[in-house]
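Let's work through a few exercises on a fold. Have your viewer open and try each task before you read its solution.

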Amino acid sequence: LPLLLLLGPALGQGLGQTRFICTSVPLDGDVCAASALGTGSAEELKGTVLQLRETVLQQKETIMNQKETIRELTAKLGRCESQSVLELPGEGKGRKGFSKNTMGDLSRPAAAETLSQLGQTLQSLKTRLENLEARYITGWGGGEAPKGRKGGPAGAHRPRAPAGQKDNRPPDRFQLTFPLRTNYMYAKVKKSLPEMYAFSICMWIKSSASPGMGTPFSYAVPGQANELVLIEWGNNPMEILINDKVAKLPFAINDGKWHHICVTWTTRDGVWEAYQDGTQTGNGENLAPYHPIKPQGVLVLGQEQDTLGGGFDATQAFVGELAHFNVWDRKLSPGEVYGLATCSSKALAGNVIAWAEANIDIYGGATKWTFEACRQLN
């Protein structure tokens, strides 16, 4: 029987252009002498065979490279999936060995937990947008303009009230929302703190972030990034830092509900007091005694500063909502604190920093909404 010689183009060519030609060759004939098309020479056939061999070798090399890539990606995926939660570094800020990040580094949450938190955040934002749309349709919710998203540092954009209707919302009836743990969402107070030998800092705060709600505010001055910081990170309790000195505050507030907190301090003996929802929950002394708060710094809401006005770390970012951040250069009385926590009409605004939209610049996609906690209490 004759031997059938099957020839085709190089394997790398498209199948749509492939032609296969069968040529009968006698059993005692020379295969190389046969022509695939009846007109070719042995040299042409040898060239075709060599081309086929080269193509096969190239494809084998490509397959080997692809296998190596697959193995590398599989190994990386395995490491990501099996990554365990890292142990937190020692407590406090400014520990030795952390040159850039003065707080140390926290482990990232597992992928599933991250997706879950992102889903909850998106659902919360969707609900708020739906509520705002409903208020807009029904007449701005009693004369109040719905709050919009901010795109730059000039202030939150707010739709204008309909013609003939006045937007009479008080300048302090707003809250800041930091929905995600990032290193770019923050607000900056336009003015610095003066030199202070005593202070009271109060605010409304709402968060359910875990582990730790992050940094509600940080004040940095040249040469000292931790001049005045409030932070809750990892599994540590909330801490107040003054000139890198730390006091642990007995707050229990990361339950997703609005809470009013105040911290007072005097440089004399470093005496401090902590109030939650109008009631004193703790006090102490020797917190940076006889160290006045330095002026000419940068006051940031929502991020911890490792450098003056920057050096943010997402693991230390605040996640939640914040409102009525006020600063006084004196120690408030228990009665004054209680009036703030109960939304008394006689409650004072900070004489150093007063909560007002004109005093705040927002960056990175943080948003402003109408503050409702006091309305719920009254």
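**Exercise 1.** Find how many bridges join strand 3 to strand 16, and in which direction the two strands run.

*Solution.* Keep in mind that this is a predicted model. Start at strand 3, residues 175-178: three bridges tie this strand to strand 16, and the two run antiparallel. Next, look for a facing pair: Gln175 sits opposite Trp369 of strand 16.

**Exercise 2.** Work out the strand order of the open sheet and explain why strand 12 and strand 16 each have a side without a neighbour.

*Solution.* Step one, trace the order: the seven strands go 12-11-10-5-14-3-16, with antiparallel pairing. Step two, check the ends: strand 12 (279-284) and strand 16 (367-369) are the edges, and each has a single partner strand, so one side of each has no neighbour in the sheet. Step three, add the twist, which averages 25° from one strand to the next.

**Exercise 3.** Which strands does helix 4 lie across, and which of its residues are buried?

*Solution.* First, place helix 4 (residues 334-341): it lies across strands 5, 10, 11 and 14, at about 155° to strand 10. Then go for burial, meaning under 20% relative accessible area: Val337, Gly339, Leu340 and Ala341 of helix 4 pass. Finally, step past the end of helix 4 to Cys343, where phi is positive, near 60°.

**Exercise 4.** Put numbers on the whole chain: what share of the residues is buried, and how much area is exposed?

*Solution.* Begin with the inventory, five helices and 16 strands. Of 378 residues, 43% count as buried. The chain exposes about 20500 Å², with carbon and sulfur atoms supplying 55% of that.

Note on methods
Residues numbered from 1 in each chain as written. Predicted model: local features only at pLDDT ≥ 70, side-chain atom pairs only at ≥ 80, totals over all residues. Heavy atoms only, no water. Pairing = 2+ DSSP bridges. Helix = DSSP H or I, 4+ residues; strand = E, 2+ residues; numbered from the N terminus. Axes fitted to C-alpha atoms, helices over the stretch in contact; angles between N-to-C directions. Contact = heavy atoms within 4.5 Å. Buried < 20%, exposed > 50% of the residue type's maximum accessible area, 1.4 Å probe, protein only. Areas by Shrake-Rupley, 256 points an atom, 1.4 Å probe, with all protein chains shown as cover.
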